[in-house]
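Welcome! Let us take a walk through a protein fold together, one piece at a time. Keep the picture at hand as you read.

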Amino acid sequence: MAERIATIASRVGLHARPAAIFAEAAGDLPVEVTIAAEGEPADEAMDAASILSLMSLGAKHGDRVVLRAEGEGADEALDSLVKILETDHDSE
């Protein structure tokens, strides 16, 4: 299983706009991706393609999250999602 840690860069956290951008990208990938707050057990991870899951995560600016995926293309998929989370979408 591939795993990456990302730091939330958007100034107001993973709220509606950044969550929508991230969920859409995660949903377009050929692998299922989960997301969890750093330190949370892997079995409590949520569907990264679900805006509601992302919003309920409550990730704020500077928080670290763990992304996980399995299967062919998982490493590339996670790399692309880390870039999204580590971009301040509130400054665009």
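## A histidine and its surroundings

Leaving out residues up to four places away in sequence, histidine 89 touches Ser10, Arg17, Pro18, Ile21 and Ile84. Please bear in mind that this is a predicted model. You can find histidine 89 in the segment that comes after H3. Is histidine 89 buried or exposed? Its relative accessibility is 8%, so histidine 89 counts as buried, since the cut-off for that word is under 20%.

## Helix H3 and its two sides

Now move back to helix H3, which covers residues 74–85. Here is a check you can follow yourself: at 1.5 Å a residue, the 12 residues of H3 should span 16 Å, and the end C-alpha atoms are 17 Å apart, which agrees.

Which residues of H3 are buried? They are Ala74, Ala77, Leu78, Leu81, Val82, Ile84 and Leu85. Looking down the axis of H3, you would see these buried residues within an arc of 155°, so they line one face of the helix. A general rule helps here: an α-helix has 3.6 residues a turn, so residues three or four places apart point the same way. On the other side of H3, Glu76 and Lys83 are exposed.

What do the buried residues of H3 pack against? Their partners are strand E1 (2–7), helix H1 (16–27), strand E2 (33–37) and strand E4 (64–69).

Let us take helix H1 next. The axes of H1 and H3 come within 10 Å and cross at roughly 170°. That angle makes H1 roughly antiparallel to H3, because angles over 145 degrees are counted that way. On the H1 side, the contact is made by Ile21, Phe22, Ala25 and Ala26, and on the H3 side by Leu81, Ile84 and Leu85. Two of these residues are already familiar: Ile21 and Ile84 are among those that histidine 89 touches.

## The sheet

In what order do the four strands of the open sheet stand? The order is E1-E4-E2-E3, and the pairing is antiparallel. E1 and strand E3 (46–47) are at the edges with a single partner strand each, so one side of each has no neighbour in the sheet. H3 lies across E1, E2 and E4, and runs at about 5° to E1.

E4 is mostly covered, with five of its six residues buried. Six bridges join E4 to E1, and five bridges join E4 to E2. The table shows some residues that face a partner in E4.

| Residue | Partner in E4 |
|---|---|
| Glutamate 3 | Arginine 68 |
| Valine 33 | Alanine 69 |
| Isoleucine 35 | Leucine 67 |

## A closer look at isoleucine 35

The last row of the table brings us to isoleucine 35, which lies in strand E2. With a relative accessible area of 0%, isoleucine 35 is buried. Which residues is isoleucine 35 in contact with, leaving aside its neighbours within four places in sequence? The list is Leu14, Phe22, Ala45, Met46, Ala48, Leu54, Leu57, Val65, Val66, Leu67 and Leu85.

You have met some of these names before. Phe22 of H1 and Leu85 of H3 also take part in the contact of those helices, and Leu67 is the residue that stands opposite isoleucine 35 in E4. Finally, the C-alpha atoms of isoleucine 35 and isoleucine 84 are separated by 13 Å, with the two residues 49 residues apart along the chain.

Note on methods. Residues are numbered from 1 along each chain as its sequence is written. This is a predicted model: local features need pLDDT of at least 70, side-chain atom pairs count only at pLDDT 80 or more; totals for chains, interfaces and linings use all residues. Side-chain values use heavy atoms; hydrogens and water are left out. Helices (H or I, at least four residues) and strands (E, at least two) are DSSP runs, numbered from the N terminus. The expected span of a helix is 1.5 Å times one less than its number of residues. Buried means under 20% relative accessible area, exposed over 50%, partly exposed in between (1.4 Å probe, protein chains only). The arc is that of the directions from the helix axis to the C-beta atoms. Contact means heavy atoms within 4.5 Å. Two strands pair if DSSP finds at least two bridges between them. Axes are lines fitted to C-alpha atoms, for helices over the stretch in contact, and angles run from 0 to 180 degrees between N-to-C directions. Angles under 35 degrees count as roughly parallel, over 145 as roughly antiparallel, 65 to 115 as roughly perpendicular and the rest as oblique.
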